[in-house]
Amino acid sequence: MTVTSPPAPAALRTPWLLTVILTGQFMAILDVSIVNVASPVIRSDLGASGSGLQMIVSGYTIVYAMLLVTGARLGGRYGGRRLFLYGLAGFTAASLACGLAASSGQLIAFRLLQGAGAALMVPQVLSMIQMNFEGAARARALSLYATVISGGAVAGQVLGGVLVSADLYGTAWRPVFLVNVPIGLGLLVMGAKLLPVGGPPRHRPLDLPGLVTLSLAVSLLVVPLVLGHEQDWPLWGWAAMAASAALAGVFVLVQRRAVAPLVPARVLRAPGVVPSALAVFGVMTTYGGFLFALALHLQGALGDSPLRAGLTFVPSAAAFAVASLNWRRIPARLHRRMIVASYGVAALGYLGLSLALGGGGHGQPFLTVSLVVIGFGLGGAFSPVLAVALTHVVPEDAADTSGLFVMVTQLGQVVGVATFGTLYLELGSATGTGLALAVTALATGACALPLLRRR
């Protein structure tokens, strides 16, 4: 792989820059959900144990979440272009290895490597948007970024269902990983030619104490949240989460004494950053829980195929895209009110969904209507929240801010699956779905609270 190729002229580079980095982002998000659909076939084909299957599905997310901030800091030190290409190369090679794995142990190891590659690649996306776009162009890029995040989660379920059902040449589950290989290779060629080199590397200390402390804190939170329910919430899980909270406090102390902290205080003091981060965490928590609980209801209680269940989410993703790509038409003076109102719209959609599904069945046509309302509400909130947060962040802090928001996004999804998914599983199919989604509605409305205070 060549990472020193001269970039194309800026006039030609800008649209292709977005194409390359957002496609990389899309692949990384796709691999969070696409494996869920293939997991029953993987288990029967490789003879994976229950815990082994959990690690095949969740190992990627664990490593991905744990190393996101590290990837962001390395991007700030050595250049976002270089780290994006290195991460993409690692992700692509690991995808090939996953598709060729001969045992569950091999597949687990390659999934961990795939997560590490994604953690190097993904933080550079938001950073390069911040560094290469301004004003209306940045708002449009952030809208596309948000659309990719929403669409990737849904597309993973749809594409996984299509590939597994097709059983191409008797390969069963393997295409869910191999599909990344030709795309990744194409992106490597395009990226080496088109991504901007940027300024000289910033030789800032890596803050190893901060990296180690934060990585341990995140991993001790994510691992029990991902594996807890299947193991009936063992004592070690609660101990790990308690240790995570303690390490979070240690991390704060370490950052106060660090010469080059992972998240500089000036980033946290920038207007809108902290409330926007809280709002993003809240909305991704409810969105992740919503996707998980509804997928379980459709495939478990109602017996839908993975493909049909995945297609059910398409109206929500389409509405999210429409709102996300058009919110800039609203006058700037109304953006703060629009964000708060959009959270309220999403909360009403969740409430409608809980009423539609609370008694069992598919709840049509209210199911589709509620999904459209949810997608429209979330699409009208997510992109402008990011735009507000990045407005007052200087370019040299782009990498650190990117790492913060990408980590918050990923942790929100994991926490949502653990909380709302567990609520669904503990209470039973119909009752669990209705109650879980009703709680989701209240939580989504609460996401707007950090934004009610004028910035």
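Here are some questions and answers about this predicted model.

Q: How many helices and how many strands does the protein have?
A: Let's start with the overall build of this predicted model. The chain has 455 residues, and buried ones make up 56% of them. As for the elements, the count is 19 helices and zero strands.

Q: Among contacts with a separation of 6 or more, what percentage comes from residues 24 or more positions apart?
A: Take the contacts in the protein with a separation of 6 or more as the whole pool. Within that pool, the share that belongs to residues 24 or more positions apart is 84%.

Q: Which atoms supply 69% of the area that the protein exposes?
A: The exposed area of the protein comes to about 17,900 Å². The 69% share of that area is supplied by carbon and sulfur atoms.

Q: Which residue meets Arg 111 in a salt bridge?
A: There is one salt bridge in the structure, with 3.7 Å from N to O. It links distant parts of the chain, with Arg 111 in helix H4 and its partner in helix H1, 80 residues apart. Both residues of the pair are buried. The partner of Arg 111 is Asp 31.

Q: Which helix gives the largest share of the largest nonpolar core?
A: That core has 96 residues, and those with the most contacts inside it include Ile 21, Phe 84 and Phe 290. Twelve of the core residues come from one helix, spanning residues 273-301. That helix is H12.

Q: Which residues does Phe 405 touch, not counting those up to four places away in sequence?
A: Phe 405 is one of the residues with the most contacts inside the largest nonpolar core. Leaving out residues up to four places away, Phe 405 touches Leu 126, Val 273, Ser 276, Ala 277, Val 280, Leu 386 and Ala 389.

Q: How many residues are in the other core, the one with Ile 42 and Leu 163?
A: This core lies apart from the largest one. Val 164 and Phe 177 are also among its residues. Its count is 20 residues.

Q: Is Val 274 buried or partly exposed?
A: Val 274 is found in helix H12, and it forms a nonpolar patch on the surface together with Leu 268 and Leu 278. The three share about 250 Å² of accessible area. Buried would need under 20% relative accessible area. Val 274 has 37% relative accessibility, so it counts as partly exposed.

Q: What kind of aromatic pair do Tyr 60 and Phe 91 form?
A: The count of aromatic pairs comes to four. For Tyr 60 and Phe 91, the ring centres are 6.5 Å apart and the planes meet at 65 degrees. Planes over 60 degrees apart pass the cut-off, so this pair is edge-to-face.

Q: Which residue joins Tyr 60 and Phe 91 in one aromatic cluster?
A: Tyr 60 sits in helix H2 and Phe 91 in helix H3, 31 residues apart. Both are buried. The residue that completes their cluster is Tyr 64.

Q: What is the angle between the ring planes of Trp 173 and Phe 177?
A: Trp 173 and Phe 177 are both buried. Their rings form an edge-to-face pair, with 6.0 Å centre to centre. The angle between the planes is 85 degrees.

Q: How many of the ten residues in helix H5 are buried?
A: Helix H5 covers residues 123-132 and is mostly covered. Its buried residues include Pro 123, Leu 126, Met 128 and Ile 129. The count of buried residues is eight.

Q: Which residues is Leu 112 in contact with, leaving aside neighbours within four places?
A: Leu 112 lies in helix H4 and counts as partly exposed, at 31% relative accessibility. Its C-alpha atom is 5.2 Å from that of Tyr 60, a residue 52 places away along the chain. The contacts of Leu 112 are Met 55, Gly 59 and Val 63.

Q: Is Ser 316 buried or exposed?
A: Ser 316 is in helix H14 and touches Phe 290, Leu 371, Ile 374 and Gly 375, not counting residues up to four places away in sequence. Its relative accessible area is 4%, so Ser 316 is buried.

Definitions and conventions
Residues are numbered from 1 along each chain as its sequence is written. This is a predicted model: local features need pLDDT of at least 70, side-chain atom pairs count only at pLDDT 80 or more; totals for chains, interfaces and linings use all residues. Side-chain values use heavy atoms; hydrogens and water are left out. A salt bridge is a side-chain nitrogen of Lys or Arg within 4 Å of a carboxyl oxygen of Asp or Glu. Helices (H or I, at least four residues) and strands (E, at least two) are DSSP runs, numbered from the N terminus. Buried means under 20% relative accessible area, exposed over 50%, partly exposed in between (1.4 Å probe, protein chains only). A nonpolar core is a set of buried Ala, Val, Leu, Ile, Met, Phe, Trp, Tyr and Cys residues joined through side-chain atoms within 4.5 Å. Contact means heavy atoms within 4.5 Å. Patches are made of residues with over 30% relative accessible area and no salt bridge: like charges are joined within 9 Å, nonpolar side chains (Val, Leu, Ile, Met, Phe, Trp, Tyr) within 5 Å. Accessible areas come from the Shrake-Rupley method with a 1.4 Å probe; for residues, only the protein chains shown count as cover. Rings of Phe, Tyr and Trp (its six-membered ring) pair if their centres lie within 6.5 Å; planes under 30 degrees apart count as stacked, over 60 as edge-to-face and the rest as tilted.
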